[in-house]
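Grab a pencil and work through these exercises with the model in view. Try each task before reading its solution.

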Amino acid sequence: MAQLRHDYTRFKERDVEVVVAGPEDAGTFAEYWQDHSLPFVGLPDPTFSVLKLYGQEVNLFKLGRMPAQVLIDKAGVARFVHYGHSMSDIPSNEEILALVDEVNSSGAPVT
Amino acid sequence: MPRVSLNQIAPDFSLPDFAGNTVSLSDFRGRRNVLLVFNRTFR
């Protein structure tokens, strides 16, 4: 999360809204957002509705959910999907920013 | 378990954010790209 916070301005410049969903409740989200001054949209999802919709992987051995990232363009199309296989399996900001540049320059039709 | 397909319309959702404002993926359609991050835990 700190990684994304660090480059948030660069995401914003590229018309990217960062939306973070997680299984914690609203109170935990609010506290975490305040403590870390996070500029993202924070979506508490204690019933796993969005998590299930997007199939966030559950690693039974580690008894937790693995991180996942989905880049959705302005037309609502998923342009990049990454399901982590471990907690540290997160694409770099540079990788995501390069993809955003590609998406923004591809002139995908906006519907 | 379902997964999101690349280059297909991403499934829409509506959920209140932690401040109680409803956020829908479709709200961003035509305006912003969205990086949807599934966080495991804050702890």
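**Exercise 1. Work out the strand order of the five-stranded open sheet, and find which strands stand at its edges.**

Solution. Keep in mind that this is a predicted model. Start by walking across the sheet: the order is E2(A)-E1(A)-E3(B)-E5(A)-E6(A), with mixed pairing. Next, look for strands with a single partner: these are E2 and E6 of chain A, so each of them has one side without a neighbour in the sheet. Finally, check the twist: ignoring direction, neighbouring strands are turned by 15 degrees against each other on average.

**Exercise 2. Decide whether E1(A) and E3(B) run parallel or antiparallel, then do the same for E5(A) and E6(A).**

Solution. First, a reminder: strands of a sheet pair through backbone hydrogen bonds, either parallel or antiparallel. Now take strand E1 of chain A, residues 16-22: six bridges join it to E3(B), and the two run parallel. One pair to locate here is A:Ala21 with its bridge partner B:Phe38. Then move to E5(A) and E6(A), which are joined by five bridges and run antiparallel. In that pair, A:Leu71 stands opposite A:Phe80 of E6(A).

**Exercise 3. Find which strands H5(A) touches as it packs on the sheet.**

Solution. Follow H5(A) over the sheet: it touches E1, E5 and E6 of chain A, and also E3 of chain B. Then compare directions: H5(A) makes about 20 degrees with E5(A).

**Exercise 4. Identify which residues touch the most other members of the largest nonpolar core.**

Solution. This core has 30 residues, and the ones to pick out are A:Val18, A:Val19, A:Val70 and B:Leu35. Next, ask which elements supply at least two residues each: from chain A they are E1, E2, H4, E5, E6 and H5, and from chain B it is E3. Now zoom in on A:Val19, setting aside neighbours within four places in sequence: within chain A its contacts are A:Phe40, A:Val41 and A:Leu43, and from chain B they are B:Val34, B:Leu36 and B:Val37.

**Exercise 5. Describe chain B and the side of it that touches chain A.**

Solution. Begin with the secondary structure: chain B has zero helices and three strands, giving the pattern β-β-β along the sequence. Its C-alpha trace spans about 30 × 25 × 15 Å along the principal axes. Of its 43 residues, 28% are buried. Now turn to the contacts: 33 residues of chain B meet 50 residues of chain A. Strand E3 of chain B, residues 33-38, gives the largest share of the chain B side, with six residues. Sorted by class, that side holds 19 nonpolar, eight polar and six charged residues.

**Exercise 6. A:Phe48 and B:Asn7 both have a positive phi without being glycine. Where are they, and are they buried or exposed?**

Solution. Take A:Phe48, with a phi of about 60 degrees. You'll find A:Phe48 in the loop between strand E2 (41-44) and helix H4 (49-53) of chain A. Count its surroundings: 14 other C-beta atoms lie within 10 Å, so A:Phe48 is partly exposed. Then go to B:Asn7, whose phi is near 65 degrees. B:Asn7 sits in the segment before strand E1 (14-16) of chain B. Its count is 11 C-beta neighbours inside 10 Å, and exposed means 12 or fewer, so B:Asn7 counts as exposed.

Note on methods
Residues are numbered from 1 along each chain as its sequence is written. Chains are lettered from A and ligands numbered from 1 in the order in which they are written. This is a predicted model: local features need pLDDT of at least 70, side-chain atom pairs count only at pLDDT 80 or more; totals for chains, interfaces and linings use all residues. Two residues are in contact if their C-beta atoms, placed from the backbone, lie within 7 Å. Helices (H or I, at least four residues) and strands (E, at least two) are DSSP runs, numbered from the N terminus. Ala, Val, Leu, Ile, Met, Phe, Trp, Tyr, Cys and Pro count as nonpolar, Asp, Glu, Lys and Arg as charged, and the others, Gly among them, as polar. Two strands pair if DSSP finds at least two bridges between them. A residue is buried if 20 or more other C-beta atoms lie within 10 Å of its own, exposed if 12 or fewer, and partly exposed in between; C-beta atoms are placed from the backbone. A nonpolar core is a set of buried Ala, Val, Leu, Ile, Met, Phe, Trp, Tyr and Cys residues joined through C-beta atoms within 7 Å. Axes are lines fitted to C-alpha atoms, for helices over the stretch in contact, and angles run from 0 to 180 degrees between N-to-C directions.
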